[in-house]
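Hi everyone, thanks for making time today. I'd like to walk you through a protein model, going from the overall picture down to a few individual residues.

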Amino acid sequence: MKILCVGRNYSEHAKELGNAVPENPVIFSKPDTALLKNGEPFYIPSFSNDVHHEIELVIKINKVGKKIQEKFARNYFSEIGLGIDFTARDKQNELKAKGLPWELAKAFDGSAPIGNFINIENIDLKNIDFSLQKNGQLVQQGNTSQMIFSFEQIVSFVSQYFTLKVGDLIYTGTPAGVSQVNIGDHLEGFIGNESMLICEVK
Ligand code: MG
C-alpha cells in the first residue's frame, strides 16, 4: 500500500508557515514503514530538534482506480479516519531552502500514526469537525469546509498520476496550529467529540 499526502490544503496553515495558497494540490508520499498503528508510540528521531504534529483527516481507498473523474471520486473511499503527518520542520526548512524533495523530513519511520476509521455513509463530507489535543489542551482544530481541495478533488487529482489501490491512504492536509512535540507529550485526535487517535511521544 502507499500513503499519499496533501500539503497546504488549509489556507490558515499555509499562512502560518509563510507559504502561498497553491493552485493545484501539493502532493508527497510516505512509505508503509512510516505508519504507526494501534496506538504505537512515536519516537522523536535523532536528526531533528523540531518535529511538529499535523493532525489530518485520512481517507482509505476501497477500490482500484486511475484517472478518476471528480464526480465519481466519492465511489473510491468509504471510510475516514485521523492521522498525524509528523514533520521534522527544521529538516524540511533546510530541504525547502535548497529546493530539494521533502521525504527526509516527512516520510521517516513512524511519521504517520493512524487511528480508527468510521464509515462515511451518513456523514456530510463538507462539514466534518476535527481537532487535536496535546496534553489535554486544544492545539489544532479544523472543519472540512475550510479545505482548499475537497476529498473528491484530491482523489481525482492524485489518480491522474498514481493508480489508487485498495488500502491506500490519503492524508488530506492539516489546519493551523502546528507546533513542536516533546518527549512525554500525549496527543489525542478527535472527529467531532469522538476520540479517534492516541499517540504518545517518546
Ligand atoms: Mg501535512
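I'll start with the whole chain, then take the sheets, a helix, the metal site and one phenylalanine.

Please keep in mind that this is a predicted model. The chain contains four helices and 14 strands. If you like dimensions, the C-alpha trace spans about 45 × 40 × 30 Å along its principal axes. How does the radius of gyration compare with that of a compact globule? For 202 residues a compact globule would come out near 17 Å, and the chain has 16 Å, which agrees.

Buried residues account for 50% of the 202 residues. The accessible surface is about 9400 Å², with 47% of that belonging to carbon and sulfur atoms. Now look at the contacts between residues at least 6 apart in sequence: 77% of them join residues at least 24 apart.

On to the sheets. One is an open sheet of seven strands, in the order β2-β1-β11-β5-β6-β8-β3, and its pairing is mixed. At the edges stand β2, residues 26-30, and β3; each has a single partner strand, so one side of each is left without a neighbour in the sheet.

Let me stay with β5 for a moment, residues 55-61. Is this strand enclosed or open to the outside? Six of its seven residues are buried, so β5 is largely enclosed by the rest of the structure. On one hand, β5 is joined by seven bridges to β6, residues 77-84, and the two run antiparallel. If you want to find that pairing on screen, I55 stands opposite I84, and L57 has L82 as its bridge partner. On the other hand, three bridges join β5 to β11, residues 169-171, again running antiparallel. There you can look for K60, which stands opposite L169.

As a quick reminder, side chains in a regular strand alternate between the two faces of the sheet.

Now for a helix that meets this sheet. Helix α4, residues 151-159, lies across β1, β2, β5, β6 and β11, and runs at about 60° to β5. Seven of the nine residues of α4 are buried, so the helix is largely enclosed by the rest of the structure. Those buried residues are F151, E152, I154, V155, S156, V158 and S159. What covers them includes the strands I just listed, β1, β2, β5, β6 and β11.

The other sheet I want to show you is an open one of four strands, ordered β10-β9-β13-β14, with antiparallel pairing. Its edge strands are β10, residues 137-143, and β14, residues 194-200, each pairing on one side only. Neighbouring strands here are turned by 20° against each other on average, ignoring direction. Within this sheet, six bridges join β13, residues 186-191, to β14, and the two run antiparallel. G189 is a handy landmark, standing opposite L197 in β14.

Next, the metal. Which residues hold the magnesium ion? The protein donors are E54 and E56, each through OE, and D85 through OD, at 2.0 to 2.1 Å from the ion. Along the chain, these donors follow the spacing E-x1-E-x28-D. E56 lies in β5, while D85 lies in the loop between β6 and β7, so this pair ties together parts that are 29 residues apart in sequence. Both E56 and D85 are buried.

Last stop: F42. You'll find F42 in the loop between β3, residues 35-36, and β4, residues 51-53. Is F42 buried or exposed? F42 has 0% relative accessibility, so it counts as buried. Leaving out residues up to four places away in sequence, F42 touches L36, V51, F86, F108, G110, V181, C199, E200, V201 and K202. Take V201 from that list: F42 and V201 are 159 residues apart along the chain, yet their C-alpha atoms are separated by 4.9 Å.

So, to leave you with two places to click on: the magnesium ion with its donors E54, E56 and D85, and F42 in its loop between β3 and β4. Thanks for listening, and I'm happy to go back to any part of the model.

Terms used: Residues numbered from 1 in each chain as written. Predicted model: local features only at pLDDT ≥ 70, side-chain atom pairs only at ≥ 80, totals over all residues. Heavy atoms only, no water. Pairing = 2+ DSSP bridges. Axes fitted to C-alpha atoms, helices over the stretch in contact; angles between N-to-C directions. Buried < 20%, exposed > 50% of the residue type's maximum accessible area, 1.4 Å probe, protein only. Contact = heavy atoms within 4.5 Å. Donors = N, O, S within 2.8 Å, 3.2 Å for Na, K, Ca; no water. Rg over C-alpha atoms; globule rule 2.2 N^0.38 Å. Areas by Shrake-Rupley, 256 points an atom, 1.4 Å probe, with all protein chains shown as cover.
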